[in-house]
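Please examine the structure shown here. The questions that follow concern salt bridges and burial.

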Amino acid sequence: MMVMKKLHIIFIGFLWMLGLTSCEDVLNRMPIDKINSEEVFSDEVLVESYLTYLYQSLPLNEFLNQAANYTDEVTSAVQNTNPVTLGTVSRTSEVFSYWQYEYLRNLNSFIEKIKLSPFDETFKRQFEGEARFLRAFVYFEMERRYGGVPLVDIVLDPFQEIDVKYAARSTEEEIVDFIDSELTEVTEMLSANPLPRGRVNKWTAHALHARSMLWAASIAKYGTVQLDGLVGVPASRSDEFYGKAADAADAIIASQHYELFNSMPDNKAENYRNIFMEEGNSEVIFEVVYDGVEVGHGWDASIAPYTFGTHVTQYSPTLEFVLGYENIDGSDDQPQFGVDHLYQDGADPFINKDPRLLGSVFFQGDPWRAYTIQTYEGIDTSQVPDVNHIVSNPSYVYKDMNSVGPDSRMYLYDEKSPNAGFLPKKYLDDSGEKITSGTSKTNWIEFRLAEMYLTKAEASFELGEYKDAADALNETRERAGISLVDETSITRDKVRNERRSELFLENHRFWDLRRWRIAESVLNHQFTGLRIIYHYESGEYYFLPIECENFTRIFRQEHYYNPITESRIDNNPHLIENPLY
């Protein structure tokens, strides 16, 4: 990826020589086919630098741009009152939008011009394949938001009348078929070298193919075809797409270029946490590279515990999500809460849970750097635990002990509050002191091998191939250290729960709830958390369930798709609005 960063610097210099003030000018005001394109496409370095810029517009919903707080994974510090959770998404209030025809124009232009360039055929095929991958990625991101969208795979002249076939929405099935055919072709055009992990190769294309075909299969199986196919995929094609998803995942698994990260097999929680901290590990298929200097992000500043963050904490895992992790032995027992149940520390109620929980979430008393996490919210001063004797005041000290922990919601301002009593641990950097906004250097992993095993498991299960499904599912379960399944014990719930546990905060849950068409049953209620109380006399803790959101979430049937919106329809009357908006 350092090569790509150097190319970006070259490209900035190239823009300066042309007298342009910013990269945005190239895309928004002067498309590349209008600014010395002959010069660009006669120099390999300039072509590489331009493609590097196109990479930077890739629609990756990484870190704080993801939709975790729209799901049951977390709640927000500011009561999570956004249009998605309130159920007010409408033709004028879209959230998580992505309508990128300007970006598509530049990709189409690149694809056309690289084909006509004088370069070596190997060079041309690789770069055409990368640009077509990016284009397929864009269409997938739009399809899973809107269903069918206008399919534009040529460069349109903005000064000429546009053919209605490019202005009107294609069916969702046509978009799926386009993505399928594009990725099938580009896997044969791209390099089979898995390095560098920040550049598209054959295996990245297989990974997107697996993800997009699993989506299409789910829409076919669980969705409904409406508006003459503008949304929905025919149910008759579900098995076809499940098969393609399984095949694409299998291609990556069989390549043996990747293996599940397992450098700490004796500490399952830390092993899981370090998947995301050890750069360039063998599980990563494609990642966005950060160095914290030239390119950084704000995850640590916004998510880290109070002592280490500057905007903490925007996310707080919900009690529902925490309890959803399986027990190690496969039992159904859940921890008991209330004054009659004392525990040694904040993690003690969950000690029998899947170790990935302990690698993903902070609990009261967890060590972090040279610090101990303090999320308790009060001290019970009675001899026998009694909620009527709780002192909970940030300015009050009881027998040399602060009555609330500095990382708790009682100590912090509302905008920094862990409302559910839990803090995220995943992706946080433990290597230094407080990390300011824009200086985090943890890489964002977009595709990794675990997702491919989960895709293979889900697709195989839906096809009725239960042994293959169990074998694939057991790859991540065994690494996590929880009970295994076989062809007689595997269930759809097991498959889906494994996915939620393995992929927490990786921007999958929102989309999974939509493609399985279960968002209404999962999301439409008030989410809860825990109030952690320290009983001074016993030196132990008890936990009081609390409502961590002061409203009931509302997910409506129409919200399985985004609205096309009034503004887009006003701009292009050939567009048709999605159902129920």
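Buried means a relative accessible area under 20%, exposed means over 50%, and partly exposed lies in between (1.4 Å probe, protein chains only). This is a predicted model, in which local features need pLDDT of at least 70 and side-chain atom pairs count only at pLDDT 80 or more, while totals for chains, interfaces and linings use all residues. Residues are numbered from 1 along each chain as its sequence is written, and side-chain values use heavy atoms, with hydrogens and water left out.

Q: Why is Glu502 called buried?
A: Glu502 has 0% relative accessibility, and the limit for buried is under 20%, so Glu502 counts as buried.

Q: What makes Arg479 and Glu502 a salt bridge?
A: A salt bridge requires a side-chain nitrogen of Lys or Arg within 4 Å of a carboxyl oxygen of Asp or Glu. The closest N and O atoms of Arg479 and Glu502 are 3.2 Å apart, so the pair meets the definition. Arg479 lies in helix α17 (residues 466-480) and Glu502 in helix α18 (residues 492-502), so the salt bridge ties together parts 23 residues apart in sequence. Helices (H or I, at least four residues) and strands (E, at least two) are DSSP runs, numbered from the N terminus.

Q: Why is Arg409 called partly exposed, and Glu377 buried?
A: Arg409 has 24% relative accessibility, so Arg409 counts as partly exposed. Glu377 has 1%, so Glu377 counts as buried. Their side chains meet in a salt bridge (2.9 Å, N to O).
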